Amino acid sequence: NSDLKANGVQTMYEVLEKSLNTGAIFAMQQIGPTTFERYVQAYGFGQRTGVEIDESTGNISSLAQGKDIYAMTGSFGQGLTVTPLQLAAAFSALANGGKLLQPYLIDRVIHPDGSSTVTQPKTVRQVVSAKTSATIGAMLVRVVQKGHGQRAGVPGYFVAGKTGTAQIADPETGTYHANQTIGTFAGFAPVENPRFAMVVKLVRPKDVQFAESSAAPLFGELARFLLLYLGVPPAEVASVGQ
């Protein structure tokens, strides 16, 4: 684990709060590498989202090799590459009751005769049940309330999210650059009636190593702006998922 500590027995709430790689591996082992790979694919990773611009598929091919080590490292994101749009779509699925929607940029097409065609949301698939997505949402709120995502919080609102700190690989040496990372924070708000999902990504942030000190604060600033801009009233603040 990144904290270099022996944390003992932990709940899955605590695994997310503390970003425990060993806990992610444990969760993967409960369902097995094959089912884990199927869920990674179901969330849309390793494939184009279908948005109206050229995009990368990312790379999850290591999981197809069927080796336990790749499933273990992949459970906490190591050895996989995904795009910010894929990540935003995946978190949107958690915000939408487990439904993965196809992202789009064009709101409507206005034809030469003056008529228009409005883009309608399209459900790609049901990834998890509504109950499961609600449970995970509550867990992600705890990450912001008590865990590494506290600096992404907005007073008066239930914000759900998760930090991600990735090492940057050196293709020439096959190793990772020392002290060079990508800080990511992905989440949505408010958890009880989500109005937006968002991904903040900072490449090689200076003077900080982990996303809780780079991407999380920026996410919090943007989330506060969006909640006020959208006129979302604050909720009665209380801890969730007890």
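**Exercises on a predicted model**

Aspartate 107 is partly exposed, with a relative accessible area of 43% (buried means under 20%, exposed over 50%, partly exposed in between; 1.4 Å probe, protein chains only). This is a predicted model, in which local features need pLDDT of at least 70 and side-chain atom pairs count only at pLDDT 80 or more, whereas totals for chains, interfaces and linings use all residues. Residues are numbered from 1 along each chain as its sequence is written, and side-chain values use heavy atoms, with hydrogens and water left out.

**Exercise 1. Salt bridges**

Determine how many salt bridges the whole structure contains, and describe each one.

Step 1. Apply the criterion: a side-chain nitrogen of Lys or Arg lies within 4 Å of a carboxyl oxygen of Asp or Glu. The search finds two such pairs.

Step 2. Aspartate 107 pairs with arginine 108 at 3.2 Å, N to O. Arginine 108 is partly exposed, with a relative accessible area of 43%.

Step 3. Glutamate 17 pairs with arginine 142, and their closest N and O atoms are 2.9 Å apart. Arginine 142 belongs to helix α6 and glutamate 17 to helix α1 (residues 12-18), so this salt bridge ties together parts that are 125 residues apart in sequence. (Helices, H or I with at least four residues, and strands, E with at least two, are DSSP runs numbered from the N terminus.)

Step 4. Assign the environment: arginine 142 and glutamate 17 are both buried.

**Exercise 2. Aromatic pairs**

Classify the two aromatic pairs of the structure as stacked, edge-to-face or tilted.

Step 1. Rings of Phe, Tyr and Trp (its six-membered ring) pair if their centres lie within 6.5 Å; planes under 30 degrees apart count as stacked, over 60 as edge-to-face and the rest as tilted.

Step 2. For phenylalanine 185 and phenylalanine 219, the centres are 4.8 Å apart and the planes stand at 55 degrees, so the pair is tilted. Phenylalanine 185 is in strand β6 (residues 175-189) and phenylalanine 219 in helix α7 (residues 215-229), so the pair ties together parts 34 residues apart in sequence. Phenylalanine 185 and phenylalanine 219 are buried.

Step 3. Phenylalanine 225 and tyrosine 229 are stacked, at 5.8 Å centre to centre and 15 degrees between the planes. Because they are four residues apart in helix α7, about one helical turn separates them. Phenylalanine 225 and tyrosine 229 are exposed.

**Exercise 3. The largest nonpolar core**

Identify which residues have the most contacts inside the largest nonpolar core, and which element gives the most to this core.

Step 1. A nonpolar core is a set of buried Ala, Val, Leu, Ile, Met, Phe, Trp, Tyr and Cys residues joined through side-chain atoms within 4.5 Å. The largest has 26 residues, and Tyr43, Phe45 and Phe188 have the most contacts inside it.

Step 2. At least two residues come from each of α3, α5 (84-95), α6 (130-146) and β6. With seven residues, α5 gives the most.

Step 3. Beyond its neighbours within four places in sequence, phenylalanine 188 is in contact (heavy atoms within 4.5 Å) with residues including Phe91, Leu140, Val159 and Phe219.

**Exercise 4. Helix α3**

State which residues of α3 are buried and what covers them.

Step 1. The buried residues are Thr35, Phe36, Glu37, Val40 and Ala42.

Step 2. Their cover includes α2 (21-31), α4, β1 (99-101) and β4 (123-126).

Step 3. Glycine 44 follows α3 and has a positive phi, near 100 degrees.
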